[in-house]
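Student: I should like a close look at a single part of this protein. Please take one strand, describe its surroundings, and then follow the chain onward from there.

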Amino acid sequence: MTGALQRMFWVFALAVLALGAPFAAADELRALSRLDLARSSMVETPDGKVNLTLGLSQPIPYRAYLLDAPPRLVMEFSELDFGGRDPGLLGRVEPIRALSWGEGEPGWTRLVAELAGPMSIEQTGERTGAAPAITLRLVRVAAADFAAQVTAAPGGARAGLPDAAIVAAPRRRQTGGTPLVVALDPGHGGVDPGAEAEGLTEAQLMLGFARELKEALGRAGVRAVLTRDEDVFVSLEARMSAARAARADVLLSLHADALAEGEAVGATVYLLASEASDAASARLAERHDRADLLAGVDLAGHDDVVAEVLMDLARAETQPRADGLAVALQAAILGAGLKMHKKPVQAAAFSVLKSPDIPSLLLELGFMSSPADRARLSDPVWRATMAGAIVAALQAWAVVDAAEVRYLRQ
Ligand SMILES: [Zn+2]
């Protein structure tokens with residue numbers, strides 16, 4: 001993490017809302033978290049580093065970056081209520097000339113620390129559990145090292161930072177009160193056609209299917225957004241960002257790959273896992289990530305910039321929800337009389353499934369390497385049946401998922 005931060009200069013972290021938080025709904029609406037001054041501090045270590053600790057009423061998404069002229073550390077929180085307290089109560093240290101906090105962009109609050117000299121963010125973290133807190137450590141660096149990490153550009157744009165929407169607060173977990181929002185992600189596109197056979201490309205087929213599925217979801221009262229709506233290359237990271245910007249409840253990545261070996265047929269639901277369920281799944285996931293690298297998108301830093309501990313925390317809640325959707329999809333697809341792979345639910349390390357806060361699944365509708373599957377994928381009646389099964393699965397899942405939230409809140 002330390003090295004990553006020295007390279008990357010900014011971090012952001014996402015946490016799902018802690019369910020059943022011990023305070024009233026009115027507070028929840030006003031701010032996601034409150035600063036606990038008694039557990040907050042700013043201290044200088046004997047070797048001149050600055051340790052900042054912000055005690056929270058519950059974990060929240062945040063990001064941190066450096067600006068120049070004057071040198072500043074900016075932390076943005078979604079959302080932290082400072083309770084009108086004086087920032088001076090945090091403590092006073094020589095390397096921090098001034099400290100302020102208050103409202104930021106809509107949905108964000110902000111802490112700004114004016115630095116006495118060039119520093120860099122050495123480490124960040126977020127503690128969860130009984131005493132949640134955000135921690136950050138600043139270390140003195142040479143002016144050139146600071147300059148290399150500064151994100152400010154003329155006009156205040158932050159070079160290298162994603163758009164605000166990308167780090168928007170995760171949507172509150174759906175409770176059935178508002179229409180479900182589903183991000184449909186047609187795999188591949190542009191320079192990356194995906195699997196190809198008999199003049200068909202996976203990229204084209206999946207875009208066509210995603211459009212049809214969007215229509216079917218719309219008729220069922222489910223709002224669907226596409227991560228791409230034309231034949232263009234979209235990085236895996238941008239696909240996840242599109243889902244987050246749409247405040248999607250679910251991300252469903254649509255594929256129909258070719259397998260070099262074996263006679264694979266039928267649909268397969270893929271869940272995210274660090275260990276692939278078999279070698280074929282591992283190769284499939286690798287191939288999808290490689291397309292991103294070939295198109296000039298460096299995903300290498302992606303995991304580095306997101307606090308791992310928070311990712312794990314968020315996934316601890318998100319992953320069982322994705323598991324539930326996988327079960328619902330399997331039941332609905334088989335229930336509609338459609339063919340599934342002999343191992344209908346599998347796991348692999350697909351990068352596009354790594355959103356910590358959005359249950360994400362990858363659906364291989366069939367295999368382009370199978371003539372029977374190709375015929376099915378090209379058949380409008382089969383596609384309508386498959387779309388209907390996916391709609392039914394999402395609806396059935398949403399009901400159970402919302403009921404779980406209500407149960408947890410009691
Ligand atoms: Zn694919």
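Tutor: A residue is called buried when its relative accessible area is under 20%. The model is a predicted one, and the part chosen here is strand 4, residues 62–67. By that cut-off, six of the six residues of strand 4 are buried. In a regular strand the side chains alternate between the two faces of the sheet. In strand 4, Y62, A64 and L66 lie on one side and R63, Y65 and L67 on the other, and with all of them buried, both faces are covered.

The partner of strand 4 is strand 5 (residues 72–77), to which six bridges join it in an antiparallel arrangement. Within this pairing, R63 faces E76 of strand 5. The two strands make a hairpin with four residues between them, and A69 in the turn has a positive phi of about 55°.

Strand 5 runs to residue 77, and the aromatic ring at that position merits attention. F77 forms an edge-to-face pair with F82, at 6.0 Å centre to centre and with 75° between the planes. Both F77 and F82 are buried. Together with W101, these two residues make up one aromatic cluster.

A further edge-to-face pair joins Y270 and F350, with 5.3 Å between centres and 70° between planes. Y270 belongs to strand 16 (residues 267–272) and F350 to the loop between strand 17 (340–348) and strand 18 (360–364), so this pair ties together parts that are 80 residues apart in sequence. Y270 counts as buried because its relative accessibility is 4%; F350 is likewise buried, at 1%.

How values were computed. Residues numbered from 1 in each chain as written. Heavy atoms only, no water. Buried < 20%, exposed > 50% of the residue type's maximum accessible area, 1.4 Å probe, protein only. Pairing = 2+ DSSP bridges. Phe/Tyr/Trp six-rings, centres within 6.5 Å; stacked < 30°, edge-to-face > 60°.
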